[in-house]
Structures are given as structure tokens and as C-alpha cells.
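Please walk through this model with the structure open beside the text. The route goes from side-chain pairs to the core, then to the cysteines, a loop and the surface.

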Amino acid sequence: MQAANVLVLIWILRRFLWKPVAVIIEERRAASESTIAQANAQARAADEARAEVEHIRKGLAEERETALAEAHADADEVRRNLLTKAKEDADKIREQASESIETDHQVARKEAINEAGALALDIAIKLANHLKAPVVRAAFLDDLATGIAGLPEETRRTVAVSDGALRLISAETLDENAQEECRRRISEAFGCSPEMSFAADPALIEGFELHGAHFSILNSWRADLARIEESLRHE
């Protein structure tokens, strides 16, 4: 009976306890494995997501560094360009200022020279007006004879064979004696006796101007002052 009871108990336990329990255990095991698999899958997904995030963060950091480097390079280029442009503008302004100063200096210097020249000429004219005398006229006549002697020989020969008259201009009207003296000195200088006409021009101040067909000799205060003025303007 005990053996029968044990067998019945074993059958009952197997029938109603062990088998359901085994099923439950199997279901629990399968559920656990499924949960573990899901957890592992989620862990792998989390790892992949974390790796992707890390990759993205690394890429962003590299892009940030690249952008910063490019920004720094652009800023340096802009700074260099601004400095170059500022230097060029400053040099241009300085050059323009120097040119303006130099131009103003030249204009002022030219005006000063012109004023000084005009004043000197005015003084010279006034002095020359006080120096009118026979001795001064004789000195100009000597210079005129020297100027004639300095003419090319061909020019002097042309005067000797030419029918044209020479024209002698003096600062004042010459009387007959003065005309004769001028004619004599001029003839001696040319080595011939050319025809001559006389005229007066007070603008000469003092001295003579002798005009021929192919030459002119300017030997007067006016000519000397004109040469002085030209020299002043040139300098």
C-alpha cells in the first residue's frame, strides 16, 4: 500500500505538479532568455548609439576646430588687408601732402622770386634812368661795336654788299653829331659804310639796338634787364 501510495503520489505530482512546473520553468527560462536577448540587443543598440554619438561629437569637434582655424585665417587675412590698405592710404595721404606742400612751396618760391625780380628790375630801371649820360651812351656804343665784330664774317660781308639799310634805335633821339659818331663806329666795325636809318624808343632806357636784314644786336638797358628777368624766372 505504501508503495502504491508512493507510485500514486509520484504520478499525481508528475501529472499535476512537475509537468506544469516544468512548463512554467521552461516558460520562465524562455522569457528570461528573451529578456536577456532583448537586454543584450538594447545594450548593443545603446553601445552603437553611444559610438555614433561619440563619432558625431568627434566630427563636430573637428568641424569646430576647422571652422575656428578658417575663421582665424580669414580674420588674419582681413587684418593684413586692412593694415595694408591703411598703410597704402597713409602713404598716399602723406605723398599727397608732401606733393601739396612741395607745390605750395614752389608756388610761394616762384611768387617770391617773381616779386624779388620785379622789385630788382624796378630798382634797376630807376637807377638806369639816373645814369643817362654821354659816357654811358659811349659805353653802349663800344659794346655795340664789339657785338658787330663778334658777328660771323659772312654776316658782315652780307652787310657790305647788301643794298638794305641798317636801322639803329636809341633810347633818345640822336642829334647830328651823335648820329655821325654812331655811323662812324658802326662802319669801322663792319669795314664798310652801310646805309643807316635812325629811330628812338624810350623803352630802351639807355643803349642801342641795331637791326639788319639777317641779324639784330640788342645792346640796351631794356635787353639787359630782360635777360636778368629771364635768368631769375629760370632759376
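Is Glu 33 buried, partly exposed or exposed? Glu 33 is partly exposed, with a relative accessible area of 43%. Here buried means under 20% relative accessible area, exposed means over 50%, and partly exposed lies in between (1.4 Å probe, protein chains only). Areas come from the Shrake-Rupley method with a 1.4 Å probe, and for residues only the protein chains shown count as cover.

Some ground rules come next. This is a predicted model, in which local features need pLDDT of at least 70 and side-chain atom pairs count only at pLDDT 80 or more, while totals for chains, interfaces and linings use all residues. Residues are numbered from 1 along each chain as its sequence is written, and side-chain values use heavy atoms, with hydrogens and water left out.

Stay with Glu 33. Its side chain meets that of Arg 29 in a salt bridge, at 2.5 Å from N to O. A salt bridge here is a side-chain nitrogen of Lys or Arg within 4 Å of a carboxyl oxygen of Asp or Glu. Both residues lie in helix 1, which covers residues 2-130. They sit four residues apart, about one turn of the helix. Helices (H or I, at least four residues) and strands (E, at least two) are DSSP runs, numbered from the N terminus. Arg 29 is partly exposed too, at 37% relative accessibility. The pair belongs to a wider set: Glu 26, Arg 29 and Glu 33 are linked in a network of salt bridges.

How many salt bridges does a search of the whole structure find? The search finds 17. Another one joins the side chains of Glu 181 and Arg 184, at 2.6 Å from N to O. These two are three residues apart in helix 4, so about one helical turn separates them. Glu 181 is partly exposed at 32%, and Arg 184 is partly exposed at 38%.

Helix 5 (residues 221-234) shows a similar spacing, with Asp 224 and Arg 227 three residues apart and so about one helical turn from each other. Their side chains meet in a salt bridge of 2.3 Å, N to O. Asp 224 counts as partly exposed, at 24% relative accessibility. Arg 227 is also partly exposed, with a relative accessible area of 46%.

Now turn to the core. In soluble globular proteins, nonpolar side chains tend to be buried together. A nonpolar core is a set of buried Ala, Val, Leu, Ile, Met, Phe, Trp, Tyr and Cys residues joined through side-chain atoms within 4.5 Å. The largest one in this model has 20 residues. Which residues have the most contacts inside it? They are Leu 144, Ile 186, Phe 190 and Leu 210. Helix 2 (134-149), strand 1 (166-170), helix 4 (176-190) and strand 3 each supply at least two residues of this core. Helix 2 gives the most, with five residues.

Look closer at Phe 190. Leaving out residues up to four places away in sequence, Phe 190 touches Ile 148, Leu 151, Arg 156, Val 159, Leu 166, Leu 210 and Phe 215. Contact means heavy atoms within 4.5 Å.

The cysteines are next. A disulfide is a covalent bond between the sulfur atoms of two cysteines. The test applied is a pair of cysteine sulfur atoms within 2.5 Å. The structure holds zero disulfides. Cys 182 is in none, and the nearest cysteine sulfur, that of Cys 192, is 16 Å away. Cys 182 is buried, with a relative accessible area of 3%. Cys 192 is buried as well, at 16%.

One loop residue deserves a look. Ile 205 lies in the loop between strand 2 (196-200) and strand 3 (207-211). Ile 205 has a positive phi of about 70 degrees, although it is not a glycine. Ile 205 is buried, with a relative accessible area of 7%.

Finish at the surface. Val 6, Leu 7, Ile 10 and Trp 18 make a nonpolar surface patch of about 400 Å². Patches are made of residues with over 30% relative accessible area and no salt bridge; like charges are joined within 9 Å, and nonpolar side chains (Val, Leu, Ile, Met, Phe, Trp, Tyr) within 5 Å. Ile 10 is found in helix 1 and is partly exposed, at 38%.
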